[in-house]
Amino acid sequence: MKRFCLLLALILCLLLSACGAGGGGSGGSTSGAEYGGAEPGAVNGAGDAATWGTPQQESIGGSGEVYRNENAKIIRTASVDMQTTDFAAAQTALDALVDRLKGYFEQAEVNSGGYYDQGMRYGSFTVRVPKDQYDTFLNAVGEVGHVVSLSQSSQDVGAEYFDTQAHLKTQRTKQERLQTLLAQAATMEDIISLENALAEVEYQIEQMTTQLRKYDALVDYATIHVEVQEVRRISDEPQKADALSTRVSAAFSSGLIRFGEGWGNLLVWLAYHCFSLLILAILAAVVILIVLRVHKKNRAYAMSLQNQPRPAIRTPQLTKTPKTTSPPETPEEPEAKDPKQNP
């Protein structure tokens, strides 16, 4: 019984630790002094960008001459991870920003938080904006929410673009010559051969034209992937290292908050699984009663065997009998014949 109680206490401790870790992770904590600073206010479309960690006075994307060159074929891509305490307001602000910059949503997905997400919503958006509005979007994205991370990449496709363009020009010249020869063809065999060659050239032209249009679309409109996570508290911006006392105080405060969240999550978990736990408890009680009854019965049977008197076991005693020697047998003498008896 003591082992069962210890096992139950260990399971409860593990559940509490798991709930505490889950509660801390759902808050989007990324730094040791996460809760040490003042908590930002709610997200709104007209909020101050400096409040959300995206400085307006510095350009994020860079504005080199190569990006402003019309002949440059550079595909620009960015990825932004954000946090917000008001998902609806952040989504509205993102829509307004995209409309203002004459962009559009290539893909949008919003997941409403389930039980294990504690009702926190999550959004994944793929935004396309004109290439000359790329830097403007990144500098103004702080109006949507707190920027946790931002990464950028550029791909120069100028060599592939102009090489495809040159091949396209060659194929079009070839197409014109084949059309001229087809118009002058006299035999059916020449007509069929020229038509087959012309069909192959037209197929190559179509492929190259499609590839150039794809490059133009990727170059003219930059692609930005935006991930918006709803949290209860906004994680602090990276700043200079705080003093040891401040870090210890922040860690202690964070530990208390997570401890409380852990107990709260445990209570919610118990309420969510109360019926399942009740059935498991009944089954466990039945099993324990059966085991105890069998154990008690076996113990009583063992005690009854110990209390019964043991019968005495008699061992037969072997007695030695003396050996008797018989006298030696004497041979019988033949009877004497009577002389008066007739032979």
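**View 1. Val294 on helix α8 of a predicted model.** The model shown here is predicted. Val294 is partly exposed, with a relative accessibility of 44%. Helix α8, residues 274-307, holds Val294. Val294 also belongs to a nonpolar surface patch. Its other members are Leu278, Ile282, Val286 and Ile290. Together the five residues offer about 440 Å² of accessible area.

**View 2. The chain as a whole.** The chain has 343 residues, and 27% of them are buried. Its secondary structure comes to 8 helices and 5 strands. Read from the N terminus, the order is α-α-β-α-β-β-α-β-α-α-β-α-α. About 24500 Å² of the chain is exposed, and carbon and sulfur atoms supply 58% of that area. Take the contacts between residues at least 6 apart in sequence: 81% of them join residues at least 24 apart.

**View 3. The open sheet.** Five strands line up in the order β2-β3-β5-β1-β4, with mixed pairing. Which strands stand at the edges? They are β2 (104-111) and β4 (146-156). Each edge strand has a single partner, so one of its sides has no neighbour in the sheet. On average, neighbouring strands are turned by 10 degrees against each other, direction ignored. Strand β1, residues 74-84, pairs with β4 in the antiparallel sense over 10 bridges. Look for Ala78: its bridge partner in β4 is Gln152.

**View 4. A helix across the strands.** Helix α6 spans residues 188-220. It lies across β1, β3 (122-130) and β5 (221-230). Its angle to β5 is about 55 degrees.

**View 5. Gln175 in helix α5.** Helix α5 covers residues 158-184 and includes Gln175. Is Gln175 buried or exposed? Its relative accessibility is 18%, so Gln175 counts as buried, the cut-off being under 20%. Beyond its neighbours within four places in sequence, Gln175 touches Leu198, Val201, Glu202 and Ile205.

**View 6. Lys102 and its positive phi.** Most residues other than glycine have a negative phi. Lys102 is not a glycine, yet its phi is positive, at about 60 degrees. Lys102 sits in the loop between α3 (87-100) and β2. With a relative accessible area of 64%, Lys102 is exposed.

**View 7. Arg100 and Glu143.** Side chains of opposite charge can pair when their charged atoms come close. The whole structure has 4 salt bridges. One of them joins Arg100 to Glu143, with the closest N and O atoms 3.8 Å apart. Arg100 is in helix α3, while Glu143 is in the loop between α4 (134-140) and β4. The two are 43 residues apart, so this is a link between distant parts of the chain. Arg100 is partly exposed, at 48% relative accessible area.

**View 8. Glu106 and Arg128.** These side chains meet in a salt bridge, 3.0 Å from N to O. Glu106 belongs to strand β2 and Arg128 to strand β3, 22 residues apart. Which of the two is buried, and which is partly exposed? Arg128 is buried, at 5% relative accessibility. Glu106 is partly exposed, at 47%.

**View 9. Glu230 and Arg121.** Here the closest N and O atoms of the salt bridge are 3.2 Å apart. Glu230 lies in strand β5, and Arg121 lies in the loop between β2 and β3. The pair therefore ties together parts that are 109 residues apart in sequence. Glu230 is buried, with a relative accessible area of 9%. Arg121 is partly exposed, with 29%.

How values were computed:
Residues are numbered from 1 along each chain as its sequence is written. This is a predicted model: local features need pLDDT of at least 70, side-chain atom pairs count only at pLDDT 80 or more; totals for chains, interfaces and linings use all residues. Side-chain values use heavy atoms; hydrogens and water are left out. Helices (H or I, at least four residues) and strands (E, at least two) are DSSP runs, numbered from the N terminus. Buried means under 20% relative accessible area, exposed over 50%, partly exposed in between (1.4 Å probe, protein chains only). Contact means heavy atoms within 4.5 Å. Accessible areas come from the Shrake-Rupley method with a 1.4 Å probe; for residues, only the protein chains shown count as cover. Two strands pair if DSSP finds at least two bridges between them. Axes are lines fitted to C-alpha atoms, for helices over the stretch in contact, and angles run from 0 to 180 degrees between N-to-C directions. Patches are made of residues with over 30% relative accessible area and no salt bridge: like charges are joined within 9 Å, nonpolar side chains (Val, Leu, Ile, Met, Phe, Trp, Tyr) within 5 Å.
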